[in-house]
Amino acid sequence: MHSTGYDSLPSAVISGDFNNDNQTDLAVANTGTNNIGVFLRNNKGTFGNQTIYSTGNESHPYSIAVGDFNSDSHLDIAVANYGTKNIGILLGYGNGTFAKQTTYSISPASPYAISVADFNNDDLLDIAVSNRGTNNTGVLFGYGDGTFLNPTMYSSGSLSSISVVICDVNDDHQLDIILANDNTNSIDVFLSYYKLFQNQVTYATGYSPRSVVVGDFNNDTQMDVVVANRDSNNIGVLIGHGNGSFTDQTTYSTGSEPRSVAVGDFNNDARLDIVVANSGNNNVGLFLGYGNGSFSDQTSYSSGSFPRSVAVGDFNNDTQMDVVVANENSNTVSLLLGYSNGTFADQTTYATGSGPGSVAVGDFNNDTRLDIVTANYKSNNISILLGHGNGTFADQITYSTGSEPRSVAVGDFNNDTRLDIVVANRVSNTIVVLFGSGNGRFSDQTTYSTGSEPWSVVVGDFNNDARLDIVVANSGSNNVSVLLGYDNGSFSDIMTYSTQSGPLFVAAGDFNNDTRMDIIVANTGDNNVGVMLQENIVGFENAKTFASGSGSGLRCLAVRDVNSDNHLDMVIANYGSKTIGVLIGNGNGTFANQVTYSTGSRPNSVAVDDFNNDTHLDIAVANYDSKSVDMLLGNGKGVFTVQTGIGTRFPFAPFVLAVGDLNNDGRSEIIVAHDGSDVVHILVAYDVGSFMNQITYSTGSYPISVAVDDFNSDTQMDIVVANYDSSTVSIFLGYGNGSFSNQTTYATGSGPISLAVSDFNNDTQMDIVVTSYNSDTVSIFLGYGNGSFSNQMTYATGSGPISLAVGDFNNDTRMDLVVTNENSNTVSLLLGHGNGSFEKQVIYYTDSGPVSVAVGDFNNDTRMDIVVTNENSNTVSLLLAYDNGSFADPTTYHTGSYPISVAVGDFNNDTQMDIVVANYDSNTVSIFLGYGNGSFSNQTTYATGSGPGSVAVDDFNKDSRLDIVVANQRSNNVGLLLGYGNGSFADQTTFSTGSQPIFVVSNDFNNDTRQDIVVANFWSNNVGVLLGYANDAFLEQMTLATGSDSQLRSCIIADFDNDEQMDIAVTLAGTGMISIFLGYGNISFADPKNYSTGSSSSPYSIAAGDLNNDSVVDIGVANYGTDSMGIFLGYGNGSLMNQSFLSTGYGSRPYSVTVHDFNNDTVLDIVIAYQGANNIGLFLGYGSGQFANQSVIVIGYGSMPFSVIAGDFNNDKKLDLSVGNNELTV
């Protein structure tokens, strides 16, 4: 602890290396004692006593920022003096001492928060300040020598702006300002814009300057200018000084009426030469350059009539510069092919439109050969002449323009690597843009208004955003228009800058070596050229305000593109309002109003990923009150639905979530850390299966049993239903898409109650067998394979045949029948002859009230055994088969109350048959696990709905584990119990049916490889078909212990040992350490490796990345208790070096950390949210595991940021930050 003095009331702290010893020092704004305190750090990591610098009596400095304001490589300090209403600048000497402050008044405003940035991209730092007491914010532009322009004020919507953040909000590559206002619960956004050009400085030319071109004529790397003076019959050369000024012109005589000029090296001596179009002599003149700014006398070459414009290019691919001339009166272009000695061949002409007055060149069809475009002002079109690469050209293709097109230029305006064209239309007062298709063709024109009589157009990147802009010289309104380009080929509204009289031509170049394009205009009416240098000053638009929610209690935020529009969006956990907020990004740094989704519980944390494998992002939510992790499923359009079905509940409230693929299955798992627990839970994505709402088909009266097979040999599943009261069976032929034909009925005996399907006569066609309860018979319907059946054949059974099953009980490859006789307490065995007929029944006794039967090999002797449920004795009877088709006496096992349905399957994947029984009165199912010797374990029961009357077994969620579906008669639903593959089952999920669902079976009815179900609805007189579909939820897979009282605070997933398996690292605030669990790739992990973060360190947040460029993952930890950032460099084998420290400042309380490359140097940097200091810290990495001194961004008093996330919110390919504050803002 370091004292700042009695009653000092320190309000802000910032770090920096003030004495250039590579140690991080501190500067503190002491509001109470009106000074700045500087604490210098020594090489032992401790700080000396503070050195005091006065900020003035009653100044009450409230905020502080650092930067190099005078370009001496020493850090300086800027301070917001709230009481004296000024900004103080203390220039550093580089030895830890500072000059007396210089102040800049912003009265009547009281500055509250201050931030530093380069707003005008001149590599000089400027200052932005938020104010209280006035509705404005101030900007001071720096000169780079430690002084600043007087502040410029911009109106805001609040009298109390407590925080200022600087970022590029609208993707225009200009820094904007965001203010947080505590009195209006709002955010103000000030969008910046370039003021671009200064007032012109003029240089005298000859009479009527008509064209101007830029080049380096004396090889001094400074831009020079040549101008064609029409009425003086000369050209003027102005040599540039490199600071934006030029010498007086030196003139060279031309032919008559020089109207256009171009430059190129025509004799291959690495010196620029000049070519001029002499309209009065119908020729072009060549001036060879000597490389010292002087030129030879002209040599002339004939052109067409009235040459109006000239351009240069290599048209025959011989590496020599050629010349093309637009001949206004002969409606042609002349091509003069160049020789390497500065001479030219005689002209070759090509027809154009009428009155070609401007010519430009480019490769319009991407064949690496130069093409030509002319603006034809008399025919109001442009001509495209595609080059063959040998100096010849195709006939022209024309495109309409506006009225009287006077100038043409080319550039790629929409960043599609295809050249586009812009044309200035003098009479229309417009420019038109024609987008190139890359094949020599162009789209219809897009029109933009200009000033009056636009005569010349030039293309360049004037605001350094890597997008082409357009400048137009308007001869009628004596100004130039600037249209800034966007990525998509559209342009901003025009900005105008005054010129002198009659600007007929404009050109661009960097005349003062500031890396910004300047312009030069030929002012024909005043016989001069005007140079307009970029001003490097920005302005700010009026503030845009975004309101935050009241009482929302922001707790966590995540950033992803949730609506697939390539713009980042925000997802927020609103702890106070028990909602999840989604803010859709507009791609320009602004966001739509949040849409909220109720969680019903206070959400602690969110994570975003595609959790159900549908390519749409979903949201996982950690809910504090319900101690659960729930899911909001996204539709890819930014809309979410709360998932119904299985969630995950914990004994402790989940505190933080992380996601990653821990088992290399291409899907993310969820890692859950808890508040008050010493374990980490891992949740695995699991298809829990689901069913659509039922589709019903009318049956006969009281449908009671159903079976499924292909009855018409079309490979589609069909349905047969036994109708008890109608004494019929109904056949529904399936279409293979989940729908069915209307029923066809066949008469049975009285009271058909159970049925089964098999091939009883070995003709490969499916037949049907039905038990008739009132007739004490079974009926056989032989199938014809076309969906129709023979009349029934009947066979006697015992009394009350209620259920049947099919199997080969005597191993003769012929299907036999087993029937339960409810009233005679027996089962009947009818052995099949293989021709559709059966022997008389053989009787075997059971317990009381046999009602359901199933078959399987329970003792692994390859013989079919029988299991029967006995409703009156609450048992199942097991009858083991002998070789000859007879059975042993039954063995009984107790069930629940009133067991009325039985099915078999291998529930624990031990290759032994198990049994499931539906207990109607107990509202349960009983599981009997088989030992493979004909004996079974005692029952394990699982709750169902009310009155489970039928049970079936299948794999409904495609996990290769058998599940159970049960028809709950009294609940009017079916229950799905998913199997875990170990003989245990999940709680049931229910799906509505018709009235009294009495029987259920499964199959794939719509050929989607998923099991569907069909249920007989007894009182509704129909069957319901429920089609299955995938439905993902997260279920607990395992837990990882972190130790007693460990207080896990955060976790991260990465590969720490380079084995291509994901590992887990966690911070343990209670024990002051981090733990690494190395993964085996199957969601199992080694015992943890622990690394101390220091005594009382309370590590709160963790991030991972390669911090020293050795291709090994390292760790950064925010140590909340010791105000430090811990760096653990990895060895690549899962172990770490000892921790090194970065001080974050006393009382900073680092709470959240993220690692990214923020300055595009391919080296990872660190950003930390400080809950104690109410700011954000940035450590730029050197790529060696070492970091530069910290830069600080103030968030605002009382903000207490709890989360920081990086993302490109405005699509400018630069990382921005989103900060979650404990108040109501992000």
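**A tour from Val642 to the aromatic pairs**

Begin by selecting Val642, which touches Ser598, Met631 and Leu632 when residues up to four places away in sequence are left out of the count. What is on display is a predicted model, and Val642 is found there in strand β54, made up of residues 640-642. With a relative accessible area of 45%, Val642 is partly exposed. If Leu632 is added to the selection, the C-alpha atoms of Val642 and Leu632 can be seen 4.4 Å apart, although ten residues separate the two along the chain.

Select Ser628 next, a residue of strand β53, which covers residues 628-634. Ser628 has a relative accessibility of 0% and therefore counts as buried, since that value is under 20%. Show its side chain together with that of Ser626, and a polar contact of 2.7 Å appears between the side chains of Ser628 and Ser626.

The tour now turns to aromatic rings, of which a search of the whole structure finds 46 pairs. Select Phe217 and Phe295, whose ring centres lie 5.4 Å apart and whose planes meet at 75°, so that the pair is edge-to-face. This pair links distant parts of the chain, for Phe217 is in the loop between β18 (209-215) and β19 (224-229), while Phe295 is in the loop between β24 (283-287) and β25 (299-302), 78 residues apart. Phe217 is buried, at a relative accessible area of 1%, and Phe295 is buried as well, at 5%.

Move on to Tyr893 and Phe936, an aromatic pair that is edge-to-face, with 5.8 Å from centre to centre and 80° between the planes. Here too the pair links distant parts of the chain, 43 residues apart, with Tyr893 in strand β76 (residues 891-894) and Phe936 in the loop between β79 (924-928) and β80 (940-943). Tyr893 counts as buried at 15% relative accessibility, and Phe936 counts as buried at 6%.

Return to Phe217 and Phe295 and add Tyr252 and Phe287 to the selection, because these four residues, Phe217, Tyr252, Phe287 and Phe295, form one aromatic cluster.

For the last two stops, look for a charge above a ring. Select Arg1049 and Tyr1100, where Arg1049 lies over the face of Tyr1100 at 4.7 Å from the ring centre. Then select Arg1149 and Tyr1120, where the charged end of Arg1149 sits over the ring of Tyr1120, 5.6 Å from its centre.

How values were computed: Residues are numbered from 1 along each chain as its sequence is written. This is a predicted model: local features need pLDDT of at least 70, side-chain atom pairs count only at pLDDT 80 or more; totals for chains, interfaces and linings use all residues. Side-chain values use heavy atoms; hydrogens and water are left out. Helices (H or I, at least four residues) and strands (E, at least two) are DSSP runs, numbered from the N terminus. Buried means under 20% relative accessible area, exposed over 50%, partly exposed in between (1.4 Å probe, protein chains only). Contact means heavy atoms within 4.5 Å. A polar contact is a pair of N or O atoms within 3.5 Å; within protein, one must be able to donate a hydrogen and the other to accept it, and residues adjacent in sequence count only if both atoms are side-chain atoms. Rings of Phe, Tyr and Trp (its six-membered ring) pair if their centres lie within 6.5 Å; planes under 30 degrees apart count as stacked, over 60 as edge-to-face and the rest as tilted. A charge sits over a ring if NZ of Lys or CZ of Arg is within 6 Å of the ring centre and within 35 degrees of the ring normal.
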